[in-house]
Amino acid sequence: MRAAFFLIVTVLIAGSAPLDAAAEQEEAVARQLAKTRRLLAVRAHAENVRPAAASFGGWWSGRLVFVRSQSTCSSGLSSFAFRHFMAVRGAAAGLSTSHDGAFPGKSRDGGRSYIFLKSAYTSSGPWVLGVSYGNLSSSGRSAIVVYVAKHLRSNCTYAFGTYATR
């Protein structure tokens, strides 16, 4: 009986290891999103104080540009156009993208910024993808958008960022 209990506990612990690793990678991507967004915010105008009634909800578009200083691997892709729709309900949000489908997300700071994370599997292996919105302008018409893709096998991180408009 004791051996069977030990075997069950060992299987449960071993089975949770990939889940723990995926959660760690998602948190790493969330930290990278915040770091890249802060880097871009330093370059922002003094206009980045949003009025209380402003919301990130709605259509956003622009061209994401490769941020070499925030990436651990080089990319053959220097930029790409995107179109996003964000639905916001309090701290919870959903993002539909033209490049990677739908993302679940949330705000950790009372709606001043939103982070969207998901896992994806391609022929090259598993990825963690993240999109972040922050620094909504006082007009509510522009915001900083950051996209980070991290390959879980090679640990390559690709960061893209821009000022999106609606």
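1. A quick definition to start: two strands count as paired when DSSP finds at least two bridges between them. With that in hand, here are some friendly notes on this predicted model.

2. The centrepiece of my notes is a closed barrel of eight strands, in the order β1-β2-β3-β4-β5-β6-β7-β8, with antiparallel pairing. From one strand to the next, the twist averages 30 degrees. As general background, strands of a sheet pair through backbone hydrogen bonds, in either a parallel or an antiparallel sense.

3. Strand β1 is a good place to follow the pairing. Eight bridges connect β1 with strand β2 (residues 79–89), again antiparallel. Strand β1 (residues 58–66) is also joined to strand β8 (residues 157–165), by three bridges, and these two run antiparallel as well.

4. Serine 61 is worth a look on screen. Its bridge partner in β2 is arginine 83, and in β8 serine 61 stands opposite threonine 165. Valine 65, for its part, stands opposite glycine 161 in β8.

5. How many salt bridges does the structure hold? There is one, formed by glutamate 27 and arginine 108, whose closest N and O atoms are 3.7 Å apart. The pair ties together distant parts of the chain, 81 residues apart: glutamate 27 belongs to helix α1 (residues 2–42), while arginine 108 sits in the loop between β4 (101–106) and β5 (113–122).

6. Is glutamate 27 buried, exposed or partly exposed? The relative accessible area of glutamate 27 is 33%, so this residue is partly exposed, a class that lies between the cut-offs of under 20% for buried and over 50% for exposed.

Conventions:
Residues numbered from 1 in each chain as written. Predicted model: local features only at pLDDT ≥ 70, side-chain atom pairs only at ≥ 80, totals over all residues. Heavy atoms only, no water. Salt bridge = Lys/Arg side-chain N within 4 Å of Asp/Glu carboxyl O. Helix = DSSP H or I, 4+ residues; strand = E, 2+ residues; numbered from the N terminus. Buried < 20%, exposed > 50% of the residue type's maximum accessible area, 1.4 Å probe, protein only. Axes fitted to C-alpha atoms, helices over the stretch in contact; angles between N-to-C directions.
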